[in-house]
Amino acid sequence: MIQLSQVSRSFTVGDQQIAALRDIDLNIAAGDYVSIMGPSGSGKSTLLNLIGLLDRPSSGTYKLDGGDVTALDDAQQAKVRSEKIGFVFQSFHLVPRLTAAMNIELPLMLAGIPPAERKARVAALLDNYGLTDRADHRPDQLSGGQRQRVAIARATSMHPAVLLADEPTGNLDQATGKEVINLLEKLLEQKVALIMVTHDPVIGGRAQRQLHMVDGRITNEQR
Ligand code: ADP
Ligand code: MG
């Protein structure tokens with residue numbers, strides 16, 4: 001489903017070139033469970049952002065479901081992202097002034113889903129993630145675990161084929177982190193590809209495919 005070949009990404013800062021990713025070759029299939037580990041600055045987030053179409057490679061090709069997505073313009077990429085990709089971040093990235101229900105509804109609105117269907121899907125997601133009694137709460141009225149559940153509900157509202165999570169338990173205590181991991185792993189039953197960056201070797205060790213990155217390269221894959 002995801003095919004990266006010879007993907008590199010460099011950033012120019014002042015007169016310095018920073019090679020964040022170097023010659024990445026990576027194939028990920030539907031239902032794959034992949035963890036990405038490695039030291040800070042090794043390129044984990046850059047790789048996730050590229051897969052999530054939040055960034056573009058400097059060179060190399062990225063095919064998603066067989067189509068070269070690097071050739072798409074920004075609007076076309078946004079459409080693909082909306083239809084196929086969900087993102088969960090360490091710091092939740094919820095819209096502060098919107099309620100839990102409205103945060104979950106946002107991608108559905110942007111995708112033009114009709115109101116009746118939106119309401120039904122939001123209600124089902126709130127129920128599924130144990131948030132029904134928090135529907136009208138804003139993020140600052142929710143615990144960290146509840147915020148991340150809202151973020152997962154939002155990320156899955158469009159039934160993505162790929163769920164990308166960048167240190168999703170980084171701001172949570174261990175017990176709450178475990179709950180969040182369980183919720184993410186449940187998506188594997190629906191053949192969602194789950195790709196997760198983590199610092200925690202116990203969490204990373206749960207994945208069927210464990211990628212290790214150093215200095216912009218995938219140096220090792222354990223299965
Ligand atoms: P990780 O997530 O593994 O900690 P990142 O992917 O965030 O690492 O960063 C990899 C390298 O690329 C680092 O050296 C970082 O400083 C650099 N980098 C990432 N994003 C940018 C950016 N937008 N501009 C300049 N340098 C960046
Ligand atoms: Mg990072």
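**Close-up views of a predicted model**

**Figure 1. Helix H1 and what it covers.** In H1, the buried residues are Lys 44, Thr 46, Leu 47, Leu 48, Leu 50 and Ile 51. That makes six buried residues out of eight, so this helix is mostly covered. Keep in mind for this and every other view that the model is predicted. H1 spans residues 44–51 and lies across five strands: E3 (33–37), E6, E7, E8 and E9 (209–214). Relative to E7, the helix runs at about 155°. Just past the helix comes Leu 53, with a positive phi near 60°.

**Figure 2. The six-stranded sheet.** Here we look at an open sheet whose six strands come in the order E6-E7-E8-E3-E9-E10, with mixed pairing. Its edges are E6 (85–89) and E10 (217–222), each of which pairs on one side only. Going from one strand to the next, the twist averages 20°. Strands of a sheet pair through backbone hydrogen bonds, either parallel or antiparallel. For a parallel example, pick out E7 (residues 162–166) and E8 (residues 193–197), which are paired over five bridges. One spot to find in this pair is Leu 164, whose bridge partner in E8 is Ile 195.

**Figure 3. Helix H2 on the sheet.** H2 takes in residues 74–84 and lies across E6 and E7. Its direction is at about 80° to E6. E6 is also one of the two edge strands of the six-stranded sheet.

**Figure 4. The four-stranded sheet.** A second view of strands shows an open sheet in the order E2-E1-E4-E5, and here the pairing is antiparallel. The edge positions go to E2 (16–28) and E5 (67–68); each has a single partner strand, so one side of each has no neighbour in the sheet. Inside the order, E1 (residues 2–13) and E4 (residues 59–64) run antiparallel and are joined by five bridges. To get your bearings, find Leu 4 and look for its bridge partner in E4, Tyr 62.

**Figure 5. Helix H3 and its packing partners.** Which residues of H3 are buried? In this helix (residues 100–110) they are Ala 100, Ala 101, Asn 103, Ile 104, Glu 105 and Leu 108. These buried residues pack against two other helices, H4 (115–128) and H5 (144–156). After H3 you come to Gly 112, which has a positive phi near 80°.

**Figure 6. Where H3 meets H5.** This view zooms in on the two helices, whose axes come within 7 Å and cross at roughly 25°. An angle under 35 degrees counts as roughly parallel, so that is the label for H3 and H5. The crossing is right-handed. From H3, the residues making the contact are Ala 100, Asn 103, Ile 104 and Pro 107, and from H5 they are Val 150, Ala 153 and Arg 154. Sorted by class, the contact has five nonpolar residues, one polar and one charged.

**Figure 7. Gln 146 in helix H5.** Staying with H5, we turn to Gln 146, which lies in this helix. Buried or exposed? Gln 146 counts as buried, because its relative accessibility is 15% and the cut-off for buried is under 20%. Setting aside residues up to four places away in sequence, Gln 146 touches Leu 131 and Arg 134.

**Figure 8. His 159 in the loop from H5 to E7.** Between H5 and E7 there is a loop that holds His 159. Its phi is positive, about 50°, although His 159 is not a glycine. Most residues other than glycine have a negative phi. With a relative accessible area of 59%, His 159 is exposed.

**Figure 9. Asp 215 and Gly 216 in the loop from E9 to E10.** Asp 215 is found in the loop between E9 and E10, and Gly 216 lies there too. Asp 215 is not a glycine, yet it has a positive phi of about 55°. At 48% relative accessibility, Asp 215 counts as partly exposed, whereas Gly 216 is buried, with a relative accessible area of 1%. What does Gly 216 touch, leaving out residues up to four places away in sequence? The contacts are Ala 20, Leu 21, Arg 22, Ile 24 and Ser 42. Look also for Lys 44: Gly 216 and Lys 44 are 172 residues apart in sequence, but 8.0 Å apart in space, C-alpha to C-alpha. Lys 44 is among the buried residues of H1.

Terms used: Residues numbered from 1 in each chain as written. Chains lettered and ligands numbered in written order. Predicted model: local features only at pLDDT ≥ 70, side-chain atom pairs only at ≥ 80, totals over all residues. Heavy atoms only, no water. Buried < 20%, exposed > 50% of the residue type's maximum accessible area, 1.4 Å probe, protein only. Contact = heavy atoms within 4.5 Å. Axes fitted to C-alpha atoms, helices over the stretch in contact; angles between N-to-C directions. Parallel < 35°, antiparallel > 145°, perpendicular 65-115°, else oblique. Left-handed = near helix turned anticlockwise from the far one by under 90°. Nonpolar A, V, L, I, M, F, W, Y, C, P; charged D, E, K, R; others polar. Pairing = 2+ DSSP bridges.
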